[in-house]
Amino acid sequence: MQLTLGAYEYYTELAKEGRRAVLDKAIELATSLHQQYPTVTREELTIEIGGILLAIDVRPFVTGNLHIMVNPNYAYYQRKTVEAARRLHRLFHEIDPDFDPSRLVLKVAATWEGLQACRELRYSRIQTLATTLFTMEQAVLAGEAGCVSISPFVHELKAIFEPSYKGSDPLLPLCVQAQQWYWQKSLPTKVKACATIGLDEILQLAGVTAFTLVPDDLKLLQSSHKDVDEVQSLSLFQDRGVMQDKLAYPSYINDEAGYRLAFARVEEGRAQLKLGQAINIFCDFQTKAEQLVRDATCA
């Protein structure tokens, strides 16, 4: 089991009364450490520390990696993303010197700038996950950039937060195609499906390397029982004809113009809208989390 924390979790967890001690400790540490990190605001530093403290709290119950999101406001800034990722590693070591840094994975938005930052971070042995991913073009670039995993969003993020919103069809085949592409190219990048809705979609993705699941879906899985043959019959990964097809995509890692053009053409531009929408939602939660810090500091 792995842990995933992002802007949404930073805000919702730190806003809970039962987490007030974590928030207060994050404010205290940020105040004492801010001189070491003068390029970021105290509120932003507090949220980064708060995310680390939340991860430390649940670490005894997590056997796998800890995934922490880089500030989504840096989605279109390569240099700021790199600096934030390095800062999070340094902060984790300062707060918990015994922590194994190989278990830390930084979640980075799958923009051109974000994925180029992942490419740079790989040479510092900092692991990254490409999030807000909606297309094979992003998946290909993430694999070339050296991301340890990607999170294809099966549904638009807005559909997760607003059930009445009718987005596009779920991108279940994207998870299959991305995993097939990595196998085909012998790339170590793993597919970690997220933003699924309901048990049926989870079963259709049986065979994907990993999932990001909300507690309600975990409960559904725990309470359901299906035979192996039934699960295999539902899984999109059992279509041997599809899985054996050769996928053809060019290299994007050194071709910014080619990548931007290819990405812009996906779904007649709707993929760009999905990406922007998801980043905006995460940025909104980041803003709320920083306002939470201001309010707590002034209280």
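A cavity, as I use the word today, is a set of grid points where a 1.4 Å probe fits but cannot get out. Keep that in mind for the middle of the talk. One caution before we go on: this is a predicted model.

So, cavities. How many cavities of 30 Å³ or more are there? The count comes to two. The largest holds about 110 Å³ of space. Its lining has 15 residues, and V70, P72, A75, V108 and A109 lie nearest the centre. Three elements give two or more residues each to that lining: β3, β4 and α14, the last spanning 270–298. Strand β3 has the largest share, with three residues. By class, the lining has nine nonpolar residues, five polar and one charged.

Now the second largest cavity. About 40 Å³ of space lies there. Its lining is Y10, I47, E48, M69, V70, N71, L88 and Q286. Five of these residues are nonpolar, two are polar and one is charged. You have met V70 already, among the residues nearest the centre of the largest cavity.

Next, the largest pocket. It holds about 1400 Å³ of space. Which residues lie nearest its centre? They are E9, T212, L213, V214 and P215, out of 41 that line the pocket. The elements giving two or more residues to this lining are β1, α1, α3, α7, β7 and α10. The lining counts 25 nonpolar residues, nine polar and seven charged.

On to helix α4, residues 78–95. It has 18 residues and runs 26 Å from first C-alpha to last, close to the 26 Å expected at 1.5 Å a residue. Its buried residues are T81, V82, A84, A85, R87, L88, H89, L91 and F92. What do they pack against? The partners are α2, α3, β2, β3 and α5. L88 also turned up a moment ago, in the lining of the second largest cavity.

Helix α4 has a salt bridge too. The side chains of R90 and E94 meet at 3.2 Å, N to O. Both sit in α4, four residues apart, about one turn of the helix. R90 counts as partly exposed, at 42% relative accessibility. E94 is partly exposed as well, at 31%.

In total, the count comes to 15 salt bridges. Look at R260. Its side chain meets E113 in a salt bridge of 2.7 Å, N to O. That pair links distant parts of the chain, with R260 in helix α13 and E113 in helix α5, 147 residues apart. Is E113 buried or exposed? E113 is buried, because its relative accessible area is 16% and the cut-off for buried is under 20%. R260, at 35%, counts as partly exposed.

R260 has another partner, E256, in a salt bridge of 2.9 Å, N to O. E256 and R260 lie four residues apart in α13, so about one helical turn separates them. E256 is partly exposed, at 37% relative accessible area. Elsewhere, E13, K16, R19 and D57 are linked in a network of salt bridges.

Last stop, R125. Where does R125 lie? It is in the loop between α5 and β4. R125 is exposed, since its relative accessible area is 78% and exposed means over 50%. From R125 to Q78 is 47 residues in sequence and 17 Å in space, C-alpha to C-alpha.

Note on methods
Residues are numbered from 1 along each chain as its sequence is written. This is a predicted model: local features need pLDDT of at least 70, side-chain atom pairs count only at pLDDT 80 or more; totals for chains, interfaces and linings use all residues. Side-chain values use heavy atoms; hydrogens and water are left out. On a 1 Å grid over the protein atoms alone, a cavity is a set of points where a 1.4 Å probe fits but cannot get out, and a pocket is an open set with protein on both sides within 12 Å along at least five of seven lines; lining residues have an atom within 4 Å of a point. Grid points are joined across faces, edges and corners, and a volume is the space filled by probe spheres set on the points. Ala, Val, Leu, Ile, Met, Phe, Trp, Tyr, Cys and Pro count as nonpolar, Asp, Glu, Lys and Arg as charged, and the others, Gly among them, as polar. The expected span of a helix is 1.5 Å times one less than its number of residues. Buried means under 20% relative accessible area, exposed over 50%, partly exposed in between (1.4 Å probe, protein chains only). Contact means heavy atoms within 4.5 Å. A salt bridge is a side-chain nitrogen of Lys or Arg within 4 Å of a carboxyl oxygen of Asp or Glu.
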